[in-house]
Amino acid sequence: MQKVVGIIGGMGPLATVDLMNKIISYTPAMKDQDHIHIIADNYSQIPDRTTAILGKGTDPTPYIIQSAQRLENAGADFLVIACNTAHFFFELVQKSVSIPILHMPLETARFLQENSFRKVGLLATDGTINTKLYQHSCQHYDIEVIEPNIEMQKEVMDGIYAIKGSNLEKGHFCLSKVANKLIKQGAVAIIAGCTEIPLVLRSSQDICIIDPTEILAKTVIKAANETNKKIQLV
């Protein structure tokens, strides 16, 4: 019997919907009944993660834990989180449930290692950059991560906010500019550590874009179909 995946939402509606859509679209299915059983808790009361990490806001951990426990009680066999910065609270949330949680930054790093990427650039929000989630995960696999400097990071945030405001042209301009600078510094691929980034940057001859949500979605499909195996954390 196929496993049930639970999505801890409430931390960026677009990220949650994007992950769900990718799981559905990447699942090999000849009929509706072939699709993976997904349940999601889009808990809108979860406080902002970045402000909490910077010590300026309410700790979101109890709220994320509530969401995780609700999904476990609803029958989820394992959990996933679409939000990048929420993985900063990963260990505490994992301790609160008896089912495994897939770790998106670590799954991304494992994908990079399996595909022989040794040096990558990172485009992400300030929160994801400052928590070092991808940097530490990649370090686990001896992969070097190049971060934007302060000025470049301002351009990244300008690009992300432009996309949120539906100005895709400006978003593409800002993000591709920084991506190309990271490539000149030796990056052979760019991690898109924010849901909005792949909306304007796609893999091309000049820029190889690594989409963590896409990697997580494919990992979910594999984990859900490994019916006779216990899900292994990275």
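This report looks at the overall build of one protein chain and then at a single residue, Gln153. Please keep in mind that the model is predicted.

**The whole chain**

Let's start with the fold. The protein chain has 10 helices and 7 strands. For 234 residues, a compact globule would have a radius of gyration near 17 Å, and the protein chain agrees with that, having 17 Å. Its C-alpha trace spans about 50 × 40 × 35 Å along the principal axes. Contacts across the sequence fit into the picture too: among those with a separation of 6 or more, 71% join residues that are 24 or more positions apart.

Here are some figures on burial and surface:

| Property of the protein chain | Value |
|---|---|
| Residues that count as buried | 53% of 234 residues |
| Exposed area | about 11,500 Å² |
| Share of the exposed area from carbon and sulfur atoms | 50% |

As for charge, the protein chain carries 22 positive and 24 negative side chains, and the centres of these two sets are 2 Å apart.

**A closer look at Gln153**

Where does Gln153 lie? You will find Gln153 in helix α8, which covers residues 150–164. Is Gln153 buried or exposed? Its relative accessibility is 10%, and because buried means under 20%, Gln153 counts as buried.

Which residues does Gln153 touch, leaving aside those up to four places away in sequence? The partners are Ala124, Thr125, Asp126, Ile129 and Pro148. So, if you have the structure open, Gln153 of helix α8 can be viewed together with these contacts, Ala124 and Pro148 among them.

Definitions and conventions: Residues are numbered from 1 along each chain as its sequence is written. This is a predicted model: local features need pLDDT of at least 70, side-chain atom pairs count only at pLDDT 80 or more; totals for chains, interfaces and linings use all residues. Side-chain values use heavy atoms; hydrogens and water are left out. Helices (H or I, at least four residues) and strands (E, at least two) are DSSP runs, numbered from the N terminus. Buried means under 20% relative accessible area, exposed over 50%, partly exposed in between (1.4 Å probe, protein chains only). Contact means heavy atoms within 4.5 Å. The radius of gyration is taken over C-alpha atoms; the globule rule is 2.2 Å times the number of residues to the power 0.38. Accessible areas come from the Shrake-Rupley method with a 1.4 Å probe; for residues, only the protein chains shown count as cover. Lys and Arg count as positive and Asp and Glu as negative; His and the chain ends are not counted. The place of a charge is taken as NZ of Lys, CZ of Arg, CG of Asp or CD of Glu.
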